[in-house]
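Visitor: Please pick one part of this structure and take me through it closely. I would like to know what it is made of, what it packs against and what lies around it.

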Amino acid sequence: MRGFFRKYYVLQFVSLFAAAGLCVLSYLTILDYFKKNEEQFITSCNDEVIEEITTSLEYGKTLSNYYGISDVLKRAALLLNEGSIIILANKDDEAIASTTEETYFQLERSDYGEVIQEIRNSEDGLEGYLKTFYSYIQIKEELKDSLKKSIIGSMIVFLIMTIFCFVGYKRGASDNRIILLMILGVIIQGIFLTVNYRPEFVKAAQKSAEGTAAYVNSTINDILKKGVVIEEIYDLDEYLEEKRQENDSIASLYIKDLDAENGQNEYILPLYGDNEKRTLAYSISDGYIHRNVLDMALTFIATIVLAIIVMKESMVLSEMITFRRSRLFGLPSDEQYKQIANAIRYGNFLSVTFDYMCLSFSALQIKEWNQGALGMSPITAAALSISICSIADLLGMFFMPYIGKRLKGKKLAVTSSMVMIIANFGCFFTTSTLIMIIMRFFAGVGTAGVKQVRNIVISDGYSCEKERSANLTANNNGVIGGLLCGMGFGGVIAGVFGYQTTFIATAIGYLLYLIFEFFFMPWKLLSKSSNEKENTLADNFIIRLKKTISSMKLLKTIFLIIIPQYFLLMVIVCLIPGRIQSLRLPGVVLTYANLLNGVAGLYLGEHIYKILQNKFKSDIAIQMLVLVTGAVSMMILNVPFFMTAIIILSSILAGLVDGIGTPVSMDIYMGNISIIEGLDDTESLVLYSVLGSAVMSAAPFILELCEKNAVWMYGSGIYLIVCAILLMKKSRRKKVQ
Amino acid sequence: MSGCAQKDLIEVKLIRQEHDFDITPCKKPSGEPYRIGFMDLGPPIESSYLCLKGLAEGLKEMGYLGEQTDLSGSSEDFFDYYERIVRNQEGNAVIFDDEPYMIDVEGNDEIAEKLKKKVENGELDVIVATGTDPGLFLKELDLPIPFLVCLATDPVAAGIIDSAEDTGDDDIWALVEKNPYKRQFEGYQSMFEFKNIGMACIDEFDVIAGNTEYRDAAKKLDVNLHEMIYREEDSYKDDFDEKFLLDLENTNMQDFDAFLFCYGTMDDDNVHSISQLMSDRGIPSLVGDGDSISKGGALMCLSCFDYEGYGNYAAMVLSNVLHGKKAGDQPCLYQSSPHIVMNMATAKKTGFNTRIRLLRSVDHIYR
C-alpha cells in the first residue's frame, strides 16, 4: 500500500481533490439554485410594495418623512418566507425603516442573502433602495440531508476507487490504466451527485413557483374582492405573462376554466367570488429544472477535465523526481535540458495557477467590505486593486534586468516567492482596503520577479536552438495550463470559503512553487551557463533598448507578429465572454469556452505545431496561418445562428492561435537580428513581456468595440489578414535569399 | 473564511425620520390617565368619522387604549364609533370624554363654558379637533391646555397656525397637507395622460377647492385647461344643476381628454346626469373631492386627503404631547398617499381600460 501511495501520491491527491471539489461544487450549485429561486420569488412579491412607495412619492411623499412606512414594509414581509427582513434605504444608502423593531441591528453576511431593488420616481430619478435579506440558514437546513448523502456517497466511491487502483497496481496495471480508474471513479461520483441532488432541484422550483403563484393569486383575489369581475382587468394576461417571465420555475401561468383538463404538472389556485368557475393555473418548468441539472453535470465534467489536466501535468513529476535523484542532475546533458523544459512548464503551471487563483478576488472582497481608501469610492478602490497589480508587474519587469543581474536566478526565485507569500498573506489577514491595495502592488512586483526567473531559466537553460524553442513552448504551455486551472480552482475556493481564502491558498501555493524551484532547477548549471553567456554588450540596457527598437526589422516583427498575436490572446478573455453575455447564453458556455480554449492551446496546439513545423519548415508561414485562424476565430462570432457552437468553435480556434502562435511568434522575435545583436536573452524576453503587457492593456478597449460593432470586428479581422499577407512577402523574400 | 477579519457583518442603523415619535404609552405622574376631549363641526361627515377612527386605532396600537376597547365591527358611523371608544375605558392610559363636542349643533357658548370648567377642574388635558371651525373656535377660546387640529383644509390660511414650520403658539398643533389638489391633478394626469382637460369650478372657492393649484399644475405639466367658471351665489340657485348640464351639453368637448369637476360643481344631486353625459362622449369625469360623487356615477375620485392617516398621525403627535413635549413644536407637515375610488360602470361606458396596477391601488370600486 505504501508503495502504491508513494508512486501515485500526486495523482491520488489530485483525484481526492477532484472528488472533494465535485462534492463542494454540487452543493454550491444547488445552494445557488435555491438562492436564485428565492431571489426571483422576492423580486416578484416586492413589486407591490415598490409600486406603493413609488406612487406615494409621486403624490408628494418623501422617504425622509414617510409616516407609516414600517407598516408598509411589514405588510410586504408577510408575503415572503419566514426570517426575511426588508429595509428601506434612501439614495445615500442610509436605512430609513425596517421590518424589525430595533433601530440598530447586525446580520451575519454568511447567514443572509440580499436582494436590492431600486426605487425610482416618475422621472426615473433614484429615490432609494428596497433591500430584502433572506435567510440562508433555512435553505441550508433544507439541503442538510442531501449534503450528508452526497458526502457519504462520495467517500464510498472514492474508497472503492482507491481499492480498485490498489488491486490494479498489485496486478501490475499500467500507469494509464490506474489514471483511467481514478477518472472513472470521479465520473461515477459525478453521476451519483447529479442523481442525488435532482429531487432538490425539483423541490426548489416547486417552492418558488408555488410562492409566486400564491402571490399572484392573492393580488387578483384582492381586486376581485373589491367587486371587479375578471374580464374587467384589462391587462391581466400581460400581467400574468410578466410574472411568469420573472420566475424561471414557472412554465405557464394563466386563467383557466375549472372544467378544462389539467395539463402535466399543472396546479390550480381558486379565484374569489363569482369567478369560482375559473382558476389560476400554473405549471412548473421541467425545462428549467433540466437546464440546471445539466448545468451542474457540465460543471462536473469541466471539473473532471481540470483534474485530468492537473493529473496530466503532474505526470512529469515522477520522471523529474527520478532524474533529480540521478547523478546526471546538474550536468549539461540532453536529458537535463529536457528536464529544464519540464521544470519550466510545471513551474509556470504552478505559479500561474496560483496567480490566477486570487487575481480578481481583491476587487470582489473590497466591494464586499464596501470600504474605500484614500478618498476613493469602494468601486474605484476595487478596480485599482486589480490594475495596481498589473502596473507593478509592468514596472517590475522594467527593473528586473538590473535586479536580475544582482540577484541571479536562485536568489531572485527565493526573493520573488517570498514577496508573493508575504503579499498574499497580507491580503488574507487584512481588513483594510488600503493594505489590500498595497499588498496587491507587492504581489505585482513579486509576479514580475517570478517572470524574470522564468526568463532567466529559459535563456540559460539550453544548449542549442531546439532546446530554447522547447523551453519557450514549455513556458507557454505552463501559462495556458495555469490560467485554466487557476481560474477554475479560484472560483471554487472563493465560493466555498470566501474571497480572502484564495490569497492564503496562493501564499501556500507559492511556498510549494518555491520548494519546486529549489528542488528541481539545476541552479548551478544555469548559473554557469549564465556566466558563459555573460553580457558582452558594451552599452547599458536603456541605450541598447533604444537602438534595438528603432530597428525597422524589429518594428516589422512587432507590428506584424507580436501585436496581432497578443491581441488575439485577448479574444478569449474579453471578446468571447462579452459575446456570451450579450447573447444571454448560460454561464456554463463560458466555462466550456475557457476550458476548450485551454485544452486546444495546451495539447492540440502543441501537437499541430509539430505537424506544421514538419510541413512548412518556416515559422513565418506558420504564423501567417495562425493570423488567418485568429481572424476567422473573431469573424465567425458574427454568424447569427448556432451561437453556442460558434462560440465554442471560436474558443477552440483562439486556443490553437495561442498554443501554436505564441511559441512561433516568440521564436521569430528571438531570432530577429536586432534582438540578437542588441539584447541578451533575458532582456529580450523582458522586452517581449512588456510589449505583450502593453498590447493586452489596450486590446480590451478595441475588443469591446468589436463586440458592439461588426465593422470593428471585420476591421480587426482584415487587419490580421493584411498582417498575414505582408508576412507572405517577407516569407517569399526569405526564400529568394 | 475571511482572514483575520471579524465576522463579516451587515450593520443596519436606522436614521431618524423627520417624524420620530415617542410611542410608548404614558399616564400622568400621579398615575391617573390623561383625559381627551374630541371636537368636531356638527353634523359629522365621513371625514370626521375616518379621522376619529385613525386616532383611536393609533392610540390602541401604541397601547394608550387597552385591549378591552373593541373598535371592530363599527357601522362606519361617527357616533357609533365614538360610543365604542368610551364604552369601557377602565385601565386605559387615556380616557375620552363621554361625549364629543359638536360645535354649531350644541350651543357654542355652552360648549365653551363646559370646556373652561373642565380645564379648571383638571378634568381635561388635551383636545383633538377635526375641521377648520373647531380649530378657530378653540384658538379663540385660548384654554391653557394644548389642542391638536388634525383636519382642516388650510390651517395656515384659516389662521389656526402661523405656518407649518412654526405654529406660533406652544399649545397649538395643526396638520398641514401641502398642495393636495396640485398632487391630485398630477395623479390624474399620470393616469389619464390628458393634454386637454375641461375644468368646472366655483370662482370663490379658489382656496378650498384648489382651483389655483389645478391651474399651477396644468401649467407645469403643459396641459391645456379649459375652464368653466361659476359664481358661488349662482351655484346655490335651484336651477344651477340644469344650467350647468346645459352648459356642458353646449360645450364643444371634441378635443377634451378628460373633465375635472371641482368642489361645488358636481354633487350627489347632479352627478348622475352629468356623468351620463360625459361617459356618452367618452370623456372621463374626474372629481375634485367626495367619494360619494364617484359612487353616484363619476368615473373617479382621487383624493390626496388620507383622513384615517390624519387621525393616526395625530395619535402619534398626541403621544409626544402627553410625554411632555410642546404641541407647537411637533411636525405639522403630513403628506397623504392617494386614496382612489372609481365607478366601474362609468369606466366601462367611457371606454377607460382598467389596468391591474390601477385596480390594485384603488381603495373602493362602485358600480
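Guide: What follows starts from one helix of chain B and works outward to its sheet and to the contact with chain A.

This is a predicted model, in which local features need pLDDT of at least 70 and side-chain atom pairs count only at pLDDT 80 or more, while totals for chains, interfaces and linings use all residues. Residues are numbered from 1 along each chain as its sequence is written, and chains are lettered from A and ligands numbered from 1 in the order in which they are written.

The part is helix 6 of chain B, residues 180-192. Helices here are DSSP runs of H or I with at least four residues, strands are runs of E with at least two, and both are numbered from the N terminus. Helix 6 of chain B holds 13 residues and spans 18 Å from its first C-alpha to its last, close to the 18 Å expected at 1.5 Å a residue; the expected span is 1.5 Å times one less than the number of residues. After the helix comes Glu193(B), with a positive phi near 50 degrees.

The helix is mostly covered, with 11 of its 13 residues buried. A residue is buried if 20 or more other C-beta atoms lie within 10 Å of its own, exposed if 12 or fewer, and partly exposed in between, with C-beta atoms placed from the backbone. Among the buried residues are Tyr181(B), Phe185(B), Tyr188(B) and Met191(B), and also Lys182(B), Arg183(B) and Glu186(B).

These buried residues pack against helix 7 (211-221), strand 10 (258-261), strand 11 (285-287), strand 12 (300-303) and helix 14 (356-361) of chain B. Contact means that the C-beta atoms of two residues, placed from the backbone, lie within 7 Å. Helix 6 of chain B lies across strands 10, 11 and 12 of chain B and runs at about 135 degrees to strand 12. Axes are lines fitted to C-alpha atoms, for helices over the stretch in contact, and angles run from 0 to 180 degrees between N-to-C directions.

Strands 10, 11 and 12 belong to an open sheet of 7 strands in chain B, in the order 9-8-10-11-12-13-14, with mixed pairing. Two strands pair if DSSP finds at least two bridges between them. The edges are strand 9 (224-230) and strand 14 of chain B, each paired on one side only. Neighbouring strands of this sheet are turned by 20 degrees against each other on average, direction ignored. Strand 8 (residues 196-202) and strand 9 of chain B pair in the parallel sense over 7 bridges, and Met199(B) has Glu227(B) in strand 9 as its bridge partner.

The helix also has a place in the contact between the chains, which takes 43 residues from chain B and 46 from chain A. Helix 6 is one of the elements that give two or more residues to the side of chain B that touches chain A, along with strand 1 (9-13), helix 12 (307-322), helix 14 and strand 14 (362-366) of chain B. The residues on that side of chain B divide into 18 nonpolar, 14 polar and 11 charged. Ala, Val, Leu, Ile, Met, Phe, Trp, Tyr, Cys and Pro count as nonpolar, Asp, Glu, Lys and Arg as charged, and the others, Gly among them, as polar. Strand 1 of chain B is joined by 5 bridges to strand 3 (residues 104-108) of chain A, and the two run antiparallel. Lys13(B) in strand 1 of chain B is the bridge partner of Tyr104(A).
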